[in-house]
Amino acid sequence: MRLLIATHNRGKLIEYQAMFADLPFELVTLDDVGIRDDVPETGATLAENARLKALGYARASGLLTLADDSGLEVDALGGEPGVRSKRYAGENKSDAERNAFLLAKLRDVPAGKRTARFRCVIAIATPDGKLWETDGVCEGEIAFDARGTNGFGYDPIFHVAERGVRMAELSTAEKNRVSHRARAAEQARRVLLGIIESVGRDT
Ligand code: IMP
């Protein structure tokens, strides 16, 4: 059975291939199935965007489809940047500029009040509109400076509570053990196993 991973990002495909290696799915991307029109991410939340993408691309492709959306939620900013994480600080800004912008916003917020979390929501949909949803978080705090060179995005300014270092100081393998995406994907793996079982029962 083919599973469409709703992304143009080859790196994301490779991550999901590793996490779903033992499942009997052939993973394909939007480019593999010739979909060029993006489903607009107009949702007010990460979950809404994940659902919009999963349902839209499942309908367009006729395939079981997995879509994700992730972002950083800072408590002192009422959950911002959240669904706006990618474009926080404006269009065409670099990760370093976005990190500097967030650090400046939090300049007067003392240690202990800088709690934050990365969140990832995964939605899985069938072409006829059945929908499943999973959610994964990684808790931490926004530091006062940037440190570490691994990962991407907000990783250098995110202090991982359960590891005591920045996300950008973890190896890829370590990040994949604690990250929001890994946790949402682990639950998604169980959903996919259930779908396979129910297909087996129905045929
Ligand atoms: P996406 O939904 O995976 O494309 O993520 C949206 C945005 O959230 C990214 O452009 C990053 O700014 C931020 N983000 C999501 N996941 C991570 C992560 O693991 N590390 C750092 N930033 C992240």
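# Reading salt bridges, two threonines and a sheet

Modeller: Let us begin with one pair, Lys130 and Asp128, whose side chains meet in a salt bridge with a distance of 3.7 Å from N to O. This is a predicted model, in which local features need pLDDT of at least 70 and side-chain atom pairs count only at pLDDT 80 or more, while totals for chains, interfaces and linings use all residues. Residues are numbered from 1 along each chain as its sequence is written, and side-chain values use heavy atoms, with hydrogens and water left out.

Colleague: What is a salt bridge here, and to how many does the count come?

Modeller: The term stands for a side-chain nitrogen of Lys or Arg within 4 Å of a carboxyl oxygen of Asp or Glu. By this rule the count comes to 20 salt bridges, and those that share partners join Glu73, Asp75, Arg117, Arg119, Asp135 and Glu139 into one network.

Colleague: Are Lys130 and Asp128 buried or exposed?

Modeller: Relative accessible area is read with a 1.4 Å probe on protein chains only, and buried means under 20%, exposed over 50%, and partly exposed in between. Lys130 has 46% relative accessibility and is therefore partly exposed, whereas Asp128, with 59%, is exposed.

Colleague: Which parts of the chain does the salt bridge of Arg51 and Glu133 link?

Modeller: For such a reading we need the elements, which are DSSP runs numbered from the N terminus: helices are H or I with at least four residues, and strands are E with at least two. The side chains of Arg51 and Glu133 form a salt bridge of 2.7 Å, N to O, and this pair links distant parts of the chain, with Arg51 in helix 2 (residues 46–61) and Glu133 in strand 5 (residues 131–142), 82 residues apart. Arg51 is partly exposed at 28%, and Glu133 is partly exposed at 40%.

Colleague: Where does Thr126 lie, and which residues does Thr126 touch?

Modeller: Touching, or contact, means heavy atoms within 4.5 Å. Thr126 lies in the loop between strand 4 and strand 5 and is buried, at 13% relative accessibility; not counting residues up to four places away in sequence, Thr126 touches Ala58, Leu64 and Trp132.

Colleague: What is a polar contact?

Modeller: A polar contact is a pair of N or O atoms within 3.5 Å; within protein, one must be able to donate a hydrogen and the other to accept it, and residues adjacent in sequence count only if both atoms are side-chain atoms. One such contact, of 2.4 Å, joins the side chains of Thr126 and Asp128, and a polar atom of the Thr126 side chain also lies 3.0 Å from the backbone nitrogen of Lys130. In strand 4 (residues 115–125) we find Thr115, whose side chain makes a polar contact of 2.7 Å with the side chain of Asp75.

Colleague: In what order do the strands form the sheet, and which strands stand at the edges?

Modeller: Two strands pair if DSSP finds at least two bridges between them. Here seven strands form an open sheet in the order 2-1-3-4-5-6-7, with mixed pairing. Strand 2 (26–29) and strand 7 (165–166) stand at the edges, each with a single partner strand, so one side of each has no neighbour in the sheet. Strand 1 (residues 2–5) and strand 2 run parallel and are joined by four bridges, and Leu4 stands opposite Val28 in strand 2.
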